[in-house]
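Please walk me through this structure, beginning with its overall make-up and moving on to its cores, its charged pairs and its aromatic rings.

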Amino acid sequence: MYPSVTRWKTVLRTTALSLLAAVAAVGVGAGPASAADGNVAWTVRTASNGYGEARSSYSYNVNPGGAVEDAMVVANRGPSPLTLSVYAADGFTTDAGQLDLLTKEKESVAIGAWVKPNAGSVVIQPGKTAQVPFTISVPDNATPGDYVGGILTALTQTDQAEGINVDRRLGIRIKLRVGGELKPNLAIEDLHVTYAGSANPFGKGDATITYKVHNVGNAALSGQQAVSVSGPFGLLRVRARDIAAPPELLPGESWNVTVPVHGVAPAISLAATATLTPLLTDASGSTTSLKPVTATAHGWALPWTLVLALVVLVAALVGAYLYRRRNRTQRKVREDARVRDAVAQALRGQEPQTS
């Protein structure tokens, strides 16, 4: 039985002027894993030794300056001899939340630089297997914490019809914890809340909370998330449901999160609270919940149709007030003019004229 694996494809298209490289998504599967295409098929798995048997991947705890020796077993399931290149690469988390590896032309600074296969290539006859030893040498100045990468086998084939070379890769994950003080820590950054109300001035709307989960420690961490939205003084609180957990993030990595919260009352002022409980997994696979991290952001939740109605009402009242004030002013001006005329006539000894 072969567990799921994502295969790598690197396509090289040669032109008269340049060499163009288009790289598809890269993934690392648990061993044993298989790669097959037409008459080409091979598998990789971890070797059985003092580290264990039938391991799904490689996992080690090594102090700075220490070294580990292990091996990968490669089997040729096809009808023809295979010549596979062997190398290691650093890992990272993709936007889809999957573990990926740097391509061969990109520089690795951790696993990819510390893992050295005994040979850069291996030749395997049809139906045969070959063991590929490798050594992990951790530098004396290596920073304590978690590192993830992989050891890869690769086969380059030429597609005559398309005029390209196709590079098929198959590998096994390596997780390394360098000894020293472990400081697991996740942070919630750039927390924002926005609100979209309904046409009903007294109806409820939807809030959208966005933030970034940032691994600011030195251990690989996943986490459990909780998000809630409330009005002033914590009233009218609504909690989000079914929030997907972020992937396991390597030290320094971040993950963008968007959480919709439905049925939020237009409480004028909103407070959005995100709570993140980091989850630390040890070499045995046991998971420990760490101290939760909480962040809060504020935003406006105005019932816009009601606000518009109030604006129209206020405008009407102001208009009526100004109209009445204008009429009173005009009447006062006419009355003042009549009094001035009467006084002027009296001073000239004339009877005042009545209007």
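What does the accessible surface of the chain come to, and what percentage of that surface belongs to carbon and sulfur atoms? In this predicted model, the accessible surface comes to about 20100 Å², and carbon and sulfur atoms account for 54% of that area. The chain has 355 residues, of which 40% count as buried, and its secondary structure consists of 2 helices and 21 strands. Contacts that reach far along the sequence are well represented: when contacts between residues at least 6 apart in sequence are considered, 69% of them join residues at least 24 apart.

From the surface we can turn to the interior. In soluble globular proteins, nonpolar side chains tend to be buried together. The largest nonpolar core of this model contains 33 residues, and the members that touch the most other members are Trp42, Tyr60, Trp114, Ile136 and Leu176. Strand S13, which spans residues 164-178, supplies the largest share of this core, namely 5 residues. Separate from it is a second core, made up of 29 residues, and among them are Leu221, Val229, Ala274 and Leu280.

Charged side chains form the next layer of the description, with 6 salt bridges in the structure. One of these joins Asp70 to Arg55, with 2.8 Å between the closest N and O atoms. Asp70 belongs to strand S6 (residues 67-76), whereas Arg55 sits in the loop between strand S4 (40-46) and strand S5 (58-62), so that the pair links distant parts of the chain, 15 residues apart. Asp70 and Arg55 are both buried.

Strand S13 comes up again in the salt bridge between the side chains of Asp146 and Arg177, for which the N to O distance is 2.6 Å. Because Asp146 lies in strand S12 (residues 145-159) and Arg177 in strand S13, this pair ties together parts that are 31 residues apart in sequence. Are the two partners buried or exposed? Asp146 has a relative accessible area of 5% and is therefore buried, and Arg177, at 17% relative accessibility, counts as buried because the cut-off for that class is under 20%.

A further salt bridge is formed by the side chains of Asp167 and Arg169, at 3.4 Å from N to O, and here too both residues are buried. Elsewhere, salt bridges link Glu189, Asp190 and Lys212 in a network.

The aromatic residues complete the picture, with 4 aromatic pairs in the structure. A pair of aromatic rings is described by the distance of the centres and the angle of the planes. Why is the pair of Tyr58 and Phe134 classed by its planes as it is? The ring centres of Tyr58 and Phe134 are 5.1 Å apart and their planes stand at 85 degrees, so this pair is edge-to-face. Tyr58 lies in strand S5 and Phe134 in strand S11 (residues 129-137), and the pair links distant parts of the chain, 76 residues apart. Tyr58 is buried, with a relative accessible area of 0%, and Phe134 is likewise buried, with a value of 1%.

These two residues also belong to a cluster in which ring pairs link Tyr51, Tyr58, Tyr60 and Phe134. Tyr60 thus connects two parts of this account, because Tyr60 takes part in the ring cluster and is also listed with the residues of the largest nonpolar core that touch the most other members.

Conventions: Residues are numbered from 1 along each chain as its sequence is written. This is a predicted model: local features need pLDDT of at least 70, side-chain atom pairs count only at pLDDT 80 or more; totals for chains, interfaces and linings use all residues. Side-chain values use heavy atoms; hydrogens and water are left out. Helices (H or I, at least four residues) and strands (E, at least two) are DSSP runs, numbered from the N terminus. Buried means under 20% relative accessible area, exposed over 50%, partly exposed in between (1.4 Å probe, protein chains only). Contact means heavy atoms within 4.5 Å. Accessible areas come from the Shrake-Rupley method with a 1.4 Å probe; for residues, only the protein chains shown count as cover. A nonpolar core is a set of buried Ala, Val, Leu, Ile, Met, Phe, Trp, Tyr and Cys residues joined through side-chain atoms within 4.5 Å. A salt bridge is a side-chain nitrogen of Lys or Arg within 4 Å of a carboxyl oxygen of Asp or Glu. Rings of Phe, Tyr and Trp (its six-membered ring) pair if their centres lie within 6.5 Å; planes under 30 degrees apart count as stacked, over 60 as edge-to-face and the rest as tilted.
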